[in-house]
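Work through the exercises below with the model open beside you. Try each task before reading its solution.

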Amino acid sequence: MSKPEFDQYAEQYDEILASSVPESLNESYFAEYKIALTASRLGSKKVEHILDFGCGAGRSFSHITNYFANAELWGYDLSSKSLEVAAQRTPAAQLSSDWDTLPSAHFDLIVAANVFHHIPLKERVAALEGCYDVLNQHGQLFLFEHNPYNPATRWVFEKCPFDVNAEMLSLKETVKLAQQAQFRIVRAGYTLFFPQPLAFLRKLEPLLEWLPLGAQYYVQMAK
Ligand SMILES: C[S@@+](CC[C@H](N)C(=O)[O-])C[C@H]1O[C@@H](n2cnc3c(N)ncnc32)[C@H](O)[C@@H]1O
């Protein structure tokens, strides 16, 4: 089997990402906003077991542990080199590159941040079905993706070395895949409308969710 694509980027992941995104977009916010949105949508729902699907180098881990203190955190990724970096970042996380080691019907929450555009088209439903199996009865999956209709997103995508073999998927396509995997759609919407200089407007973003102009989107799904 060939080496997972992200092994080659594991050590320099943060630097490569930062150099692909204009400074004015303040990409460090991008990892946190996903977890903040997830926590706010879940409200008081009990979350004890979390899986970061396609966790890569663990950029979301510190935010997950901040927003979901005391929850057990697992990270899964094909790239074991990325998992080595993630382990240094968050030694308490349980990490695996072998799907079969994940407990079935266990997780209250799965977050998949910018992973599905790296999964070949034919494998996407199966990946979602796998997530469905490891969620418990009340579990939910939050899937975040780039919005292919946003020109700034497209520009970054074309420039980013990680994305040479990737294929973006629209919100509509993600909803369809989720339904094929038997998920029920709880909510979906566009995100990231305002760059850092306009950060004071970000509190308006929940009102704009319907507008397909945000740089990214999310789909909240349940069993
Ligand atoms: C752009 S990175 C995102 C990493 C992390 N979620 C983040 O937000 O920083 C995409 C990750 O998806 C992983 N990936 C690609 N295909 C995958 C699959 N079928 N299952 C799990 N992870 C996968 C890659 O190895 C890579 O670490």
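A polar contact is a pair of N or O atoms within 3.5 Å; within protein, one atom must be able to donate a hydrogen and the other to accept it, and residues adjacent in sequence count only if both atoms are side-chain atoms. The model is predicted: local features need pLDDT of at least 70, side-chain atom pairs count only at pLDDT 80 or more, and totals for chains, interfaces and linings use all residues. Residues are numbered from 1 along each chain as its sequence is written, and side-chain values use heavy atoms, with hydrogens and water left out.

**Exercise 1. The ligand site**

Task: find which residues are closest to the ligand, and give the distances of its polar contacts with Asp77, Gly54 and Ala113.

Solution.
- Step 1. Start with the shell. A residue is near a molecule or strand if one of its heavy atoms lies within 4 Å of it. The ligand is surrounded by 16 residues, and Tyr13, Gly54, Gly56, Asp77 and Ala113 are the closest.
- Step 2. Take the side-chain contact. An N or O atom in the Asp77 side chain lies 2.6 Å from a ligand oxygen.
- Step 3. Take the backbone contacts. Gly54 places a backbone N or O atom 2.7 Å from a ligand nitrogen. At Ala113, a polar backbone atom is 2.9 Å from a nitrogen atom of the ligand.
- Step 4. Check the cover. Alone, the ligand exposes 590 Å², and the protein buries 91% of that. These areas come from the Shrake-Rupley method with a 1.4 Å probe; for residues, only the protein chains shown count as cover.
- Step 5. Sort the shell by class. Ala, Val, Leu, Ile, Met, Phe, Trp, Tyr, Cys and Pro count as nonpolar, Asp, Glu, Lys and Arg as charged, and the others, Gly among them, as polar. The shell holds 9 nonpolar, 5 polar and 2 charged residues.

**Exercise 2. The cysteines**

Task: count the disulfides, then locate the nearest cysteine sulfur to Cys55 and to Cys160.

Solution.
- Step 1. Apply the rule: a disulfide is a pair of cysteine sulfur atoms within 2.5 Å. The count is 0 disulfides.
- Step 2. Look at Cys55. The nearest cysteine sulfur belongs to Cys131, 12 Å away. Cys55 is buried, at 8% relative accessibility. Buried means under 20% relative accessible area, exposed over 50%, and partly exposed in between (1.4 Å probe, protein chains only).
- Step 3. Look at Cys160. The nearest cysteine sulfur is that of Cys55, 17 Å away. Cys160 is buried too, with a relative accessible area of 3%.

**Exercise 3. Strands and their partners**

Task: describe the cover and pairing of β1 and β7.

Solution.
- Step 1. Fix the terms. Helices (H or I, at least four residues) and strands (E, at least two) are DSSP runs, numbered from the N terminus. Two strands pair if DSSP finds at least two bridges between them.
- Step 2. Take β1, residues 49-53. Of its 5 residues, 4 are buried. It runs parallel to β2 (residues 72-76), joined by 5 bridges. Leu51 faces Trp74 of β2 in this pairing.
- Step 3. Take β7, residues 216-222. Here 7 of the 7 residues are buried, so the strand is largely enclosed by the rest of the structure. One face carries Gln216, Tyr218, Gln220 and Ala222, the other Tyr217, Val219 and Met221, and all are buried.
- Step 4. Find the partners of β7. Strand β5 (residues 135-146) pairs with β7 in the antiparallel sense over 7 bridges, and Gln140 stands opposite Ala222. β6 also pairs with β7 in the antiparallel sense, over 7 bridges. There, Gly189 has Tyr218 as its bridge partner.
- Step 5. Add Glu145, found in β5. Glu145 is buried, at 0% relative accessible area. Tyr190 is 45 residues from Glu145 in sequence, yet 9.5 Å away, C-alpha to C-alpha.

**Exercise 4. Loop residues**

Task: place Ala105, Gln182 and Asp98, and classify each as buried, partly exposed or exposed.

Solution.
- Step 1. Ala105 lies in the loop between β3 (94-96) and β4 (107-113). Its phi is positive, about 45°, although it is not a glycine. At 47% relative accessibility, Ala105 is partly exposed.
- Step 2. Gln182 sits in the loop between α7 (171-180) and β6 (184-191). Its phi is also positive, near 80°. Gln182 is exposed, at 56%.
- Step 3. Asp98 belongs to the loop between β3 and β4. It is partly exposed, at 38%. Its side chain reaches the backbone nitrogen of Asp100 at 3.0 Å.
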